[in-house]
Amino acid sequence: MSTQTPTQTEESSETDAEADAPSKGDERRDEKRRRAAEERARRQAEEAEKAAADEETVELKVFRYDPEVEGKQEPRFDTFHVPFTKGMTVLDALMYSRDTYDSSLTFRHSCRQAVCGSDAMFVNGGQKLACKTQISELEEPIRVEPLPHAEVRKDLVVDMEHFYDQMEAVEPYFQTNEYPDGELEEQRQTRENREKIKMSTRCIWCSACMSSCNIAAGDNEYLGPAAINKAYRFAMDEREGEDIKQKRLEIIEQEHGVWRCQTQFSCTEVCPKDIPLTEHIQELKREAVKNNLKFW
Amino acid sequence: MSQSYNRGLIEDFSRWREFEAGMWAWIFHKFTGWVLIGYLFTHIAVLSTAIPAANGATMMFQGSETDVFTGTIVSLEGLLLVRILEVGLLAVAVFHMLNGTRLLLVDLGIGLEAQDKSFYASLILTGAITVASVPTFIAGAF
Amino acid sequence: MAERYSSFKSGGRMWLLQRVTAAFLLVVLAFHFFLLHFVHHADEVTLAASSARMEQLSYYSLMVLFLVTATFHGVNGVYNALINQGLTGTKRTVVKWTLVAASVVLLFQGIRTANAWAGGFPL
(Lines give C-alpha, C1' and ligand atoms only; values in the text may rest on other atoms or scores of the structure.)
Protein backbone atom coordinates (compact mmCIF):
# COMPACT_ATOMS: atom_id res chain seq x y z
CA MET A 1 0.00 0.00 0.00
CA SER A 2 2.97 2.25 -0.44
CA THR A 3 2.22 5.39 -2.33
CA GLN A 4 5.82 6.25 -2.50
CA THR A 5 7.45 7.08 -5.82
CA PRO A 6 9.98 4.35 -6.57
CA THR A 7 13.61 5.27 -6.33
CA GLN A 8 15.86 5.37 -9.35
CA THR A 9 17.26 1.88 -8.99
CA GLU A 10 13.89 0.28 -8.53
CA GLU A 11 12.62 2.10 -11.56
CA SER A 12 15.19 0.58 -13.88
CA SER A 13 14.55 -2.93 -12.60
CA GLU A 14 10.84 -2.38 -13.18
CA THR A 15 11.56 -1.40 -16.75
CA ASP A 16 13.56 -4.62 -17.26
CA ALA A 17 10.74 -6.76 -15.96
CA GLU A 18 8.20 -5.13 -18.17
CA ALA A 19 10.38 -5.52 -21.26
CA ASP A 20 9.45 -9.22 -21.38
CA ALA A 21 6.08 -8.58 -23.00
CA PRO A 22 6.07 -5.08 -24.39
CA SER A 23 2.95 -3.67 -25.99
CA LYS A 24 2.80 -0.39 -27.87
CA GLY A 25 1.21 1.36 -24.89
CA ASP A 26 3.82 -0.03 -22.49
CA GLU A 27 6.61 1.11 -24.73
CA ARG A 28 5.13 4.56 -24.91
CA ARG A 29 4.70 4.73 -21.17
CA ASP A 30 8.22 3.44 -20.63
CA GLU A 31 9.55 6.06 -22.93
CA LYS A 32 7.60 8.74 -21.13
CA ARG A 33 8.81 7.54 -17.74
CA ARG A 34 12.37 7.36 -18.98
CA ARG A 35 12.20 10.90 -20.23
CA ALA A 36 10.62 12.09 -16.99
CA ALA A 37 13.38 10.41 -15.03
CA GLU A 38 16.01 12.01 -17.24
CA GLU A 39 14.36 15.35 -16.82
CA ARG A 40 14.26 14.87 -13.06
CA ALA A 41 17.88 13.80 -12.88
CA ARG A 42 18.86 16.81 -14.98
CA ARG A 43 16.91 19.16 -12.76
CA GLN A 44 18.29 17.63 -9.60
CA ALA A 45 21.83 17.99 -10.87
CA GLU A 46 21.09 21.55 -11.88
CA GLU A 47 19.59 22.41 -8.51
CA ALA A 48 22.42 20.75 -6.63
CA GLU A 49 24.89 22.71 -8.75
CA LYS A 50 23.01 25.90 -8.13
CA ALA A 51 22.82 25.15 -4.43
CA ALA A 52 26.53 24.44 -4.31
CA ALA A 53 27.34 27.62 -6.23
CA ASP A 54 25.01 29.70 -4.15
CA GLU A 55 26.74 30.88 -1.02
CA GLU A 56 23.61 30.97 1.08
CA THR A 57 22.56 27.37 1.46
CA VAL A 58 21.49 25.56 4.56
CA GLU A 59 22.37 22.01 5.41
CA LEU A 60 19.52 19.80 6.59
CA LYS A 61 20.01 16.39 8.14
CA VAL A 62 16.71 14.59 7.97
CA PHE A 63 15.72 11.34 9.67
CA ARG A 64 14.69 8.70 7.14
CA TYR A 65 12.89 5.44 7.75
CA ASP A 66 10.45 3.37 5.76
CA PRO A 67 9.56 -0.17 6.74
CA GLU A 68 8.34 -0.90 3.22
CA VAL A 69 11.42 0.09 1.26
CA GLU A 70 14.53 -1.99 1.37
CA GLY A 71 17.48 0.17 2.28
CA LYS A 72 15.36 2.47 4.42
CA GLN A 73 14.35 -0.13 7.00
CA GLU A 74 17.43 0.78 8.97
CA PRO A 75 16.91 4.41 10.05
CA ARG A 76 19.46 6.87 8.70
CA PHE A 77 19.98 10.59 8.19
CA ASP A 78 19.92 12.13 4.70
CA THR A 79 21.61 15.44 3.99
CA PHE A 80 19.91 18.07 1.86
CA HIS A 81 21.37 21.41 0.79
CA VAL A 82 18.69 24.02 0.42
CA PRO A 83 19.18 27.55 -0.92
CA PHE A 84 18.30 29.97 1.81
CA THR A 85 15.69 32.63 1.24
CA LYS A 86 14.72 35.29 3.72
CA GLY A 87 11.98 34.16 6.08
CA MET A 88 12.48 30.46 5.28
CA THR A 89 11.04 28.05 7.82
CA VAL A 90 12.04 24.46 8.52
CA LEU A 91 8.85 23.39 6.74
CA ASP A 92 9.82 25.44 3.67
CA ALA A 93 13.21 23.77 3.62
CA LEU A 94 11.66 20.32 3.92
CA MET A 95 9.22 21.05 1.11
CA TYR A 96 12.06 22.27 -1.08
CA SER A 97 14.00 19.11 -0.34
CA ARG A 98 11.03 16.93 -1.16
CA ASP A 99 10.12 18.77 -4.35
CA THR A 100 13.68 19.03 -5.60
CA TYR A 101 15.69 16.07 -4.37
CA ASP A 102 13.57 13.24 -3.08
CA SER A 103 9.85 13.07 -3.60
CA SER A 104 9.59 10.18 -1.16
CA LEU A 105 10.49 12.42 1.80
CA THR A 106 7.41 12.18 3.98
CA PHE A 107 6.09 14.62 6.58
CA ARG A 108 2.72 15.97 7.62
CA HIS A 109 1.82 19.54 6.88
CA SER A 110 -1.24 21.43 5.86
CA CYS A 111 -1.93 25.08 6.70
CA ARG A 112 1.71 26.26 6.97
CA GLN A 113 0.70 28.92 9.47
CA ALA A 114 0.76 27.24 12.90
CA VAL A 115 -2.96 26.59 12.99
CA CYS A 116 -3.48 22.99 11.90
CA GLY A 117 -0.88 21.45 14.21
CA SER A 118 0.30 18.82 11.72
CA ASP A 119 4.00 19.51 11.53
CA ALA A 120 5.40 19.21 15.04
CA MET A 121 8.91 17.76 14.73
CA PHE A 122 12.11 17.38 16.66
CA VAL A 123 14.36 20.12 15.31
CA ASN A 124 17.89 20.47 16.69
CA GLY A 125 16.90 18.62 19.83
CA GLY A 126 13.64 20.41 20.60
CA GLN A 127 9.98 19.91 19.80
CA LYS A 128 9.10 22.60 17.26
CA LEU A 129 6.35 23.41 14.84
CA ALA A 130 8.25 23.28 11.54
CA CYS A 131 6.15 26.00 9.92
CA LYS A 132 6.88 28.55 12.62
CA THR A 133 10.54 27.77 13.15
CA GLN A 134 12.83 30.14 11.28
CA ILE A 135 15.91 28.64 9.66
CA SER A 136 17.85 31.79 10.48
CA GLU A 137 17.44 31.10 14.19
CA LEU A 138 18.90 27.60 14.03
CA GLU A 139 22.41 26.31 14.17
CA GLU A 140 23.62 24.33 11.19
CA PRO A 141 23.46 21.55 10.22
CA ILE A 142 19.79 21.44 11.14
CA ARG A 143 18.75 18.03 12.43
CA VAL A 144 15.14 17.22 11.70
CA GLU A 145 13.73 14.13 13.39
CA PRO A 146 10.25 12.77 14.07
CA LEU A 147 8.76 13.53 17.50
CA PRO A 148 10.42 11.49 20.26
CA HIS A 149 8.46 9.01 22.37
CA ALA A 150 6.16 8.06 19.52
CA GLU A 151 6.40 5.24 17.04
CA VAL A 152 7.83 6.31 13.70
CA ARG A 153 5.69 5.26 10.73
CA LYS A 154 7.75 6.75 7.96
CA ASP A 155 10.42 9.46 7.83
CA LEU A 156 9.06 12.31 9.95
CA VAL A 157 5.59 10.84 10.41
CA VAL A 158 4.78 9.40 13.85
CA ASP A 159 1.79 7.46 15.08
CA MET A 160 -0.54 9.94 16.82
CA GLU A 161 -3.13 7.36 17.89
CA HIS A 162 -2.10 7.27 21.55
CA PHE A 163 -2.10 11.07 21.76
CA TYR A 164 -5.60 11.26 20.30
CA ASP A 165 -6.80 8.55 22.70
CA GLN A 166 -5.58 10.62 25.64
CA MET A 167 -7.22 13.73 24.24
CA GLU A 168 -10.51 11.93 23.82
CA ALA A 169 -10.32 10.50 27.34
CA VAL A 170 -11.00 13.97 28.77
CA GLU A 171 -14.10 14.45 26.58
CA PRO A 172 -12.79 17.49 24.72
CA TYR A 173 -16.12 19.07 23.86
CA PHE A 174 -18.58 21.43 25.52
CA GLN A 175 -21.22 19.81 27.74
CA THR A 176 -23.76 21.36 30.04
CA ASN A 177 -27.07 20.73 31.73
CA GLU A 178 -27.58 24.31 32.80
CA TYR A 179 -29.44 26.23 30.14
CA PRO A 180 -30.54 29.87 30.14
CA ASP A 181 -34.24 30.49 30.69
CA GLY A 182 -35.43 31.69 27.32
CA GLU A 183 -35.37 29.06 24.60
CA LEU A 184 -33.51 31.31 22.18
CA GLU A 185 -31.27 32.76 24.87
CA GLU A 186 -27.51 32.55 24.25
CA GLN A 187 -25.16 30.83 26.66
CA ARG A 188 -23.19 33.85 27.76
CA GLN A 189 -19.72 33.77 29.24
CA THR A 190 -18.33 36.62 31.32
CA ARG A 191 -15.34 38.49 29.97
CA GLU A 192 -13.31 37.45 33.03
CA ASN A 193 -14.09 33.82 32.47
CA ARG A 194 -13.20 34.07 28.82
CA GLU A 195 -9.85 35.62 29.80
CA LYS A 196 -9.25 32.79 32.26
CA ILE A 197 -9.58 30.05 29.67
CA LYS A 198 -8.26 32.07 26.74
CA MET A 199 -4.78 30.56 26.57
CA SER A 200 -6.05 27.02 27.05
CA THR A 201 -8.30 27.30 23.99
CA ARG A 202 -5.32 27.83 21.75
CA CYS A 203 -4.26 24.18 21.67
CA ILE A 204 -3.82 22.84 18.12
CA TRP A 205 -3.29 19.17 19.06
CA CYS A 206 0.25 19.10 17.67
CA SER A 207 1.49 16.81 20.48
CA ALA A 208 4.78 18.66 20.96
CA CYS A 209 4.11 18.85 24.72
CA MET A 210 3.30 15.15 25.00
CA SER A 211 6.52 14.33 23.19
CA SER A 212 8.58 16.57 25.46
CA CYS A 213 7.13 15.13 28.67
CA ASN A 214 9.47 12.81 30.47
CA ILE A 215 6.66 11.30 32.53
CA ALA A 216 4.38 10.68 29.56
CA ALA A 217 7.33 8.86 28.00
CA GLY A 218 7.62 6.49 30.95
CA ASP A 219 4.03 6.15 32.10
CA ASN A 220 1.90 5.29 29.12
CA GLU A 221 -1.32 5.82 31.05
CA TYR A 222 -0.53 9.42 31.97
CA LEU A 223 -3.05 11.77 30.34
CA GLY A 224 -0.31 14.18 29.34
CA PRO A 225 -0.17 17.98 29.20
CA ALA A 226 -2.38 18.54 26.14
CA ALA A 227 -5.26 16.43 27.43
CA ILE A 228 -5.09 18.01 30.90
CA ASN A 229 -5.04 21.46 29.33
CA LYS A 230 -8.12 20.47 27.36
CA ALA A 231 -9.80 19.36 30.57
CA TYR A 232 -8.85 22.70 32.11
CA ARG A 233 -10.37 24.56 29.17
CA PHE A 234 -13.78 23.01 29.91
CA ALA A 235 -13.60 22.54 33.70
CA MET A 236 -12.88 26.25 34.10
CA ASP A 237 -15.59 27.28 31.66
CA GLU A 238 -18.38 28.43 33.99
CA ARG A 239 -21.07 27.81 31.35
CA GLU A 240 -20.69 24.06 31.81
CA GLY A 241 -22.10 24.21 35.31
CA GLU A 242 -21.24 22.46 38.59
CA ASP A 243 -22.32 18.90 37.71
CA ILE A 244 -20.18 18.70 34.60
CA LYS A 245 -17.27 20.25 36.45
CA GLN A 246 -17.47 17.47 39.05
CA LYS A 247 -17.38 14.92 36.26
CA ARG A 248 -14.36 16.59 34.69
CA LEU A 249 -12.51 16.74 38.02
CA GLU A 250 -13.15 13.05 38.52
CA ILE A 251 -11.43 12.34 35.21
CA ILE A 252 -8.35 14.44 35.87
CA GLU A 253 -7.88 13.39 39.49
CA GLN A 254 -7.36 9.76 38.64
CA GLU A 255 -4.00 8.31 39.55
CA HIS A 256 -2.63 8.82 36.04
CA GLY A 257 -4.25 12.24 35.71
CA VAL A 258 -2.81 15.46 37.09
CA TRP A 259 -0.85 13.83 39.95
CA ARG A 260 1.79 12.43 37.65
CA CYS A 261 2.90 15.90 36.56
CA GLN A 262 6.33 16.59 38.08
CA THR A 263 6.42 20.28 37.11
CA GLN A 264 9.44 19.92 34.84
CA PHE A 265 8.02 22.70 32.65
CA SER A 266 9.16 20.85 29.51
CA CYS A 267 5.68 21.10 27.98
CA THR A 268 5.41 24.80 28.72
CA GLU A 269 8.81 25.40 27.15
CA VAL A 270 7.97 23.67 23.87
CA CYS A 271 4.34 24.69 23.34
CA PRO A 272 4.24 26.53 19.98
CA LYS A 273 1.11 28.38 21.07
CA ASP A 274 2.66 29.52 24.38
CA ILE A 275 0.01 27.87 26.52
CA PRO A 276 1.07 27.92 30.20
CA LEU A 277 0.49 24.18 30.49
CA THR A 278 2.21 23.63 33.83
CA GLU A 279 0.23 26.48 35.37
CA HIS A 280 -3.02 24.93 34.20
CA ILE A 281 -2.09 21.48 35.48
CA GLN A 282 -1.12 22.93 38.86
CA GLU A 283 -4.37 24.85 39.11
CA LEU A 284 -6.33 21.67 38.42
CA LYS A 285 -4.38 19.86 41.15
CA ARG A 286 -5.33 22.54 43.65
CA GLU A 287 -8.89 22.51 42.37
CA ALA A 288 -9.08 18.75 42.88
CA VAL A 289 -7.62 18.96 46.39
CA LYS A 290 -10.00 21.76 47.36
CA ASN A 291 -12.89 19.83 45.91
CA ASN A 292 -12.04 16.85 48.11
CA LEU A 293 -11.38 18.88 51.22
CA LYS A 294 -15.04 19.79 51.53
CA PHE A 295 -16.03 17.86 54.62
CA TRP A 296 -19.50 19.29 54.94
CA MET B 1 -0.80 -1.31 9.41
CA SER B 2 2.75 -2.25 8.85
CA GLN B 3 5.66 -1.96 11.22
CA SER B 4 6.80 1.14 12.93
CA TYR B 5 10.08 2.11 14.48
CA ASN B 6 10.51 2.68 18.17
CA ARG B 7 13.39 5.01 18.81
CA GLY B 8 13.33 4.06 22.46
CA LEU B 9 15.18 6.22 24.92
CA ILE B 10 17.84 7.68 22.62
CA GLU B 11 16.48 11.16 22.93
CA ASP B 12 16.26 11.03 26.72
CA PHE B 13 19.92 10.58 27.42
CA SER B 14 21.61 11.88 24.32
CA ARG B 15 19.97 15.29 24.52
CA TRP B 16 21.03 16.33 28.02
CA ARG B 17 22.67 19.42 26.55
CA GLU B 18 19.26 20.69 25.56
CA PHE B 19 17.66 20.17 28.97
CA GLU B 20 15.99 23.24 30.39
CA ALA B 21 16.17 24.43 34.00
CA GLY B 22 12.97 22.63 35.04
CA MET B 23 14.33 19.32 33.77
CA TRP B 24 17.63 19.69 35.63
CA ALA B 25 15.73 20.65 38.77
CA TRP B 26 13.71 17.45 38.49
CA ILE B 27 16.80 15.28 37.88
CA PHE B 28 18.68 16.79 40.82
CA HIS B 29 15.64 16.61 43.08
CA LYS B 30 15.18 12.94 42.27
CA PHE B 31 18.87 12.15 42.73
CA THR B 32 19.09 13.97 46.07
CA GLY B 33 15.86 12.27 47.14
CA TRP B 34 17.35 8.83 46.52
CA VAL B 35 20.48 9.79 48.47
CA LEU B 36 18.46 11.09 51.41
CA ILE B 37 16.21 8.04 51.76
CA GLY B 38 19.31 5.84 51.48
CA TYR B 39 20.96 7.89 54.19
CA LEU B 40 17.90 7.67 56.45
CA PHE B 41 18.21 3.89 56.49
CA THR B 42 21.95 3.91 57.26
CA HIS B 43 21.45 6.68 59.81
CA ILE B 44 18.95 4.64 61.80
CA ALA B 45 21.19 1.57 61.49
CA VAL B 46 24.17 3.41 62.98
CA LEU B 47 22.09 5.05 65.70
CA SER B 48 20.71 1.62 66.64
CA THR B 49 24.00 0.98 68.44
CA ALA B 50 22.32 2.98 71.22
CA ILE B 51 20.15 -0.07 71.97
CA PRO B 52 23.01 -2.36 73.14
CA ALA B 53 24.75 0.67 74.61
CA ALA B 54 21.77 1.38 76.85
CA ASN B 55 22.00 -2.22 78.06
CA GLY B 56 25.60 -1.70 79.05
CA ALA B 57 27.50 -2.98 76.00
CA THR B 58 30.95 -1.45 75.75
CA MET B 59 33.87 -1.40 73.34
CA MET B 60 37.53 -0.40 73.50
CA PHE B 61 37.95 3.04 72.02
CA GLN B 62 41.22 4.99 72.16
CA GLY B 63 42.48 2.79 74.95
CA SER B 64 39.52 3.18 77.21
CA GLU B 65 36.26 1.39 77.81
CA THR B 66 33.45 3.33 76.07
CA ASP B 67 29.82 2.46 75.42
CA VAL B 68 29.30 1.11 71.88
CA PHE B 69 27.16 4.05 70.75
CA THR B 70 29.59 6.81 71.66
CA GLY B 71 32.51 4.68 70.48
CA THR B 72 30.94 3.99 67.09
CA ILE B 73 29.90 7.58 66.41
CA VAL B 74 33.13 9.17 67.54
CA SER B 75 35.32 6.72 65.65
CA LEU B 76 33.24 7.25 62.48
CA GLU B 77 33.49 11.00 62.90
CA GLY B 78 37.24 10.61 63.26
CA LEU B 79 37.50 9.41 59.66
CA LEU B 80 38.17 12.15 57.12
CA LEU B 81 36.12 10.28 54.51
CA VAL B 82 33.06 10.35 56.75
CA ARG B 83 33.50 14.08 57.29
CA ILE B 84 33.70 14.69 53.54
CA LEU B 85 30.64 12.52 52.95
CA GLU B 86 28.85 14.56 55.59
CA VAL B 87 29.57 17.76 53.70
CA GLY B 88 28.16 16.03 50.61
CA LEU B 89 25.10 15.01 52.60
CA LEU B 90 24.60 18.59 53.72
CA ALA B 91 24.81 19.81 50.11
CA VAL B 92 22.30 17.16 49.02
CA ALA B 93 19.91 17.95 51.86
CA VAL B 94 20.16 21.70 51.40
CA PHE B 95 19.48 21.43 47.67
CA HIS B 96 16.53 19.10 48.25
CA MET B 97 15.14 21.54 50.81
CA LEU B 98 15.61 24.68 48.71
CA ASN B 99 14.34 23.10 45.50
CA GLY B 100 11.56 21.53 47.55
CA THR B 101 10.55 25.01 48.69
CA ARG B 102 10.58 26.04 45.03
CA LEU B 103 8.35 23.09 44.16
CA LEU B 104 5.94 23.90 46.98
CA LEU B 105 5.65 27.43 45.62
CA VAL B 106 5.06 26.04 42.13
CA ASP B 107 2.34 23.81 43.59
CA LEU B 108 0.73 26.87 45.11
CA GLY B 109 0.92 28.60 41.74
CA ILE B 110 3.40 31.21 42.94
CA GLY B 111 6.15 32.48 40.65
CA LEU B 112 5.74 30.04 37.81
CA GLU B 113 7.26 32.53 35.38
CA ALA B 114 10.42 32.63 37.49
CA GLN B 115 10.73 28.88 37.99
CA ASP B 116 14.05 28.74 36.10
CA LYS B 117 15.50 31.62 38.09
CA SER B 118 14.41 30.08 41.38
CA PHE B 119 16.17 26.86 40.37
CA TYR B 120 19.41 28.71 39.69
CA ALA B 121 18.96 30.55 42.98
CA SER B 122 18.59 27.27 44.88
CA LEU B 123 21.74 25.94 43.19
CA ILE B 124 23.78 29.01 44.11
CA LEU B 125 22.43 29.11 47.64
CA THR B 126 23.20 25.40 48.08
CA GLY B 127 26.77 26.07 47.01
CA ALA B 128 27.11 29.02 49.35
CA ILE B 129 25.67 27.25 52.38
CA THR B 130 27.81 24.17 51.74
CA VAL B 131 31.02 26.16 51.42
CA ALA B 132 30.18 28.20 54.52
CA SER B 133 29.61 24.99 56.51
CA VAL B 134 32.84 23.26 55.56
CA PRO B 135 34.86 24.63 58.54
CA THR B 136 32.24 23.43 61.04
CA PHE B 137 32.00 20.01 59.42
CA ILE B 138 35.71 19.40 59.03
CA ALA B 139 36.74 20.85 62.43
CA GLY B 140 38.75 18.41 64.49
CA ALA B 141 39.09 15.80 61.77
CA PHE B 142 42.81 16.35 61.35
CA MET C 1 -22.93 15.54 45.33
CA ALA C 2 -24.16 15.68 48.87
CA GLU C 3 -22.69 12.28 49.67
CA ARG C 4 -19.24 13.34 48.46
CA TYR C 5 -17.28 14.13 51.55
CA SER C 6 -13.58 13.73 52.15
CA SER C 7 -13.54 11.10 49.44
CA PHE C 8 -9.97 11.54 48.35
CA LYS C 9 -8.97 9.42 45.44
CA SER C 10 -5.72 7.75 46.42
CA GLY C 11 -3.65 9.85 44.00
CA GLY C 12 -4.83 13.15 45.40
CA ARG C 13 -4.50 12.24 49.05
CA MET C 14 -0.93 10.98 48.65
CA TRP C 15 -0.05 14.06 46.63
CA LEU C 16 -1.30 16.34 49.38
CA LEU C 17 0.36 14.29 52.14
CA GLN C 18 3.67 14.41 50.27
CA ARG C 19 3.43 18.24 50.27
CA VAL C 20 2.34 18.53 53.88
CA THR C 21 5.17 16.29 55.09
CA ALA C 22 7.55 18.28 52.86
CA ALA C 23 6.63 21.51 54.59
CA PHE C 24 7.04 19.90 58.03
CA LEU C 25 10.35 18.24 57.14
CA LEU C 26 11.70 21.49 55.78
CA VAL C 27 11.54 23.04 59.24
CA VAL C 28 12.49 19.99 61.30
CA LEU C 29 15.37 18.90 59.08
CA ALA C 30 16.84 22.41 59.25
CA PHE C 31 16.49 22.30 63.05
CA HIS C 32 18.02 18.81 63.21
CA PHE C 33 21.05 19.80 61.14
CA PHE C 34 21.51 22.99 63.08
CA LEU C 35 21.26 21.35 66.49
CA LEU C 36 23.48 18.35 65.80
CA HIS C 37 26.15 19.93 63.65
CA PHE C 38 26.35 23.57 64.65
CA VAL C 39 25.12 23.77 68.26
CA HIS C 40 26.55 20.36 69.20
CA HIS C 41 29.30 18.99 67.01
CA ALA C 42 28.86 15.57 65.47
CA ASP C 43 32.17 14.29 66.83
CA GLU C 44 31.22 15.22 70.39
CA VAL C 45 28.16 12.97 70.48
CA THR C 46 27.82 10.86 73.59
CA LEU C 47 25.22 8.41 74.72
CA ALA C 48 24.54 10.52 77.83
CA ALA C 49 23.90 13.71 75.85
CA SER C 50 21.57 11.95 73.40
CA SER C 51 19.73 10.35 76.30
CA ALA C 52 19.34 13.68 78.04
CA ARG C 53 17.69 15.16 74.96
CA MET C 54 15.50 12.15 74.31
CA GLU C 55 14.21 12.02 77.89
CA GLN C 56 12.29 15.21 77.23
CA LEU C 57 8.85 14.35 75.92
CA SER C 58 8.78 17.30 73.50
CA TYR C 59 12.10 16.33 71.87
CA TYR C 60 11.22 12.63 71.84
CA SER C 61 7.86 13.21 70.15
CA LEU C 62 9.36 15.65 67.67
CA MET C 63 12.01 13.10 66.69
CA VAL C 64 9.52 10.25 66.37
CA LEU C 65 7.26 12.45 64.24
CA PHE C 66 10.34 13.44 62.24
CA LEU C 67 11.11 9.76 61.64
CA VAL C 68 7.55 8.96 60.61
CA THR C 69 7.17 11.87 58.19
CA ALA C 70 10.64 11.40 56.73
CA THR C 71 9.97 7.70 56.14
CA PHE C 72 6.65 8.44 54.50
CA HIS C 73 8.01 11.27 52.37
CA GLY C 74 11.05 9.27 51.26
CA VAL C 75 9.36 5.95 50.60
CA ASN C 76 6.37 7.57 48.88
CA GLY C 77 8.82 9.60 46.81
CA VAL C 78 10.61 6.45 45.68
CA TYR C 79 7.28 4.77 44.91
CA ASN C 80 6.15 7.76 42.85
CA ALA C 81 9.41 7.84 40.93
CA LEU C 82 8.86 4.21 39.97
CA ILE C 83 5.23 4.79 38.95
CA ASN C 84 6.39 7.70 36.81
CA GLN C 85 8.71 5.33 35.04
CA GLY C 86 5.79 3.14 34.14
CA LEU C 87 5.82 0.50 36.89
CA THR C 88 2.59 -1.49 36.61
CA GLY C 89 0.88 -4.78 37.41
CA THR C 90 2.37 -7.47 39.64
CA LYS C 91 5.75 -5.78 39.75
CA ARG C 92 4.09 -2.68 41.13
CA THR C 93 2.28 -4.62 43.85
CA VAL C 94 5.51 -6.37 44.85
CA VAL C 95 7.45 -3.10 44.97
CA LYS C 96 4.69 -1.43 46.94
CA TRP C 97 4.63 -4.04 49.70
CA THR C 98 8.41 -4.29 49.79
CA LEU C 99 8.54 -0.56 50.41
CA VAL C 100 5.84 -0.80 53.05
CA ALA C 101 7.77 -3.59 54.78
CA ALA C 102 11.01 -1.60 54.64
CA SER C 103 9.23 1.40 56.16
CA VAL C 104 7.82 -0.71 58.99
CA VAL C 105 11.27 -2.10 59.77
CA LEU C 106 12.76 1.39 59.72
CA LEU C 107 10.06 2.81 61.98
CA PHE C 108 10.29 -0.11 64.38
CA GLN C 109 14.06 0.13 64.65
CA GLY C 110 13.97 3.90 64.92
CA ILE C 111 11.45 3.93 67.75
CA ARG C 112 13.32 1.13 69.53
CA THR C 113 16.44 3.30 69.38
CA ALA C 114 14.57 6.36 70.64
CA ASN C 115 13.21 4.29 73.54
CA ALA C 116 16.68 3.00 74.36
CA TRP C 117 17.91 6.57 74.72
CA ALA C 118 14.91 7.73 76.68
CA GLY C 119 14.84 4.59 78.82
CA GLY C 120 11.32 3.73 77.71
CA PHE C 121 8.59 6.10 76.63
CA PRO C 122 9.32 9.40 78.40
CA LEU C 123 6.45 10.42 80.61
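Helices and strands are taken here as DSSP runs, helices having at least four residues and strands at least two. On that basis, residues 60–164 of chain A are 14% helix and 29% strand. The end C-alpha atoms of this span lie 30 Å apart. The model is predicted. UniProt, in an unreviewed entry, places the feature "domain: Succinate dehydogenase/fumarate reductase N-terminal" at residues 60–164 of chain A.

The rest of this account concerns salt bridges. Over all chains, a search of the whole structure finds 28 of them. A network of salt bridges links A:Arg64, A:Lys72, A:Arg76, A:Asp78, A:Asp102 and A:Asp155.

Other salt bridges pair residues within a helix. In helix H2 of chain A, which covers residues 24–53, A:Asp30 and A:Arg33 are three residues apart, about one turn of the helix. Their side chains meet in a salt bridge with an N to O distance of 4.0 Å. A:Asp30 counts as buried because its relative accessibility is 18%, and buried means under 20%. A:Arg33, at 32% relative accessibility, counts as partly exposed.

Helix H5 of chain A, residues 191–198, holds another such pair, A:Glu195 and A:Lys198. These residues are separated by about one helical turn because they are three residues apart in the helix. The closest N and O atoms of their salt bridge are 3.5 Å apart. A:Glu195 has a relative accessible area of 49% and is therefore partly exposed, the exposed class being over 50%. A:Lys198 is also partly exposed, with a relative accessible area of 33%.

In helix H11 of chain A, residues 277–292, the pair is A:Glu287 and A:Lys290. Here too the two are separated by about one helical turn, since they lie three residues apart in the helix. They form a salt bridge whose closest N and O atoms are 4.0 Å apart. A:Glu287 counts as buried because its relative accessibility is 19%, under the 20% cut-off. A:Lys290, by contrast, has a relative accessibility of 53% and so counts as exposed.

Taken by pair, the surroundings can be restated briefly. In H2, the acid A:Asp30 is buried and its partner A:Arg33 is partly exposed. In H11, A:Glu287 is buried and A:Lys290 is exposed. In H5, A:Glu195 is partly exposed, as is A:Lys198.

Methods: Residues numbered from 1 in each chain as written. Chains lettered and ligands numbered in written order. Predicted model: local features only at pLDDT ≥ 70, side-chain atom pairs only at ≥ 80, totals over all residues. Heavy atoms only, no water. Buried < 20%, exposed > 50% of the residue type's maximum accessible area, 1.4 Å probe, protein only. UniProt positions renumbered as here; feature names shortened; annotations may be inferred.
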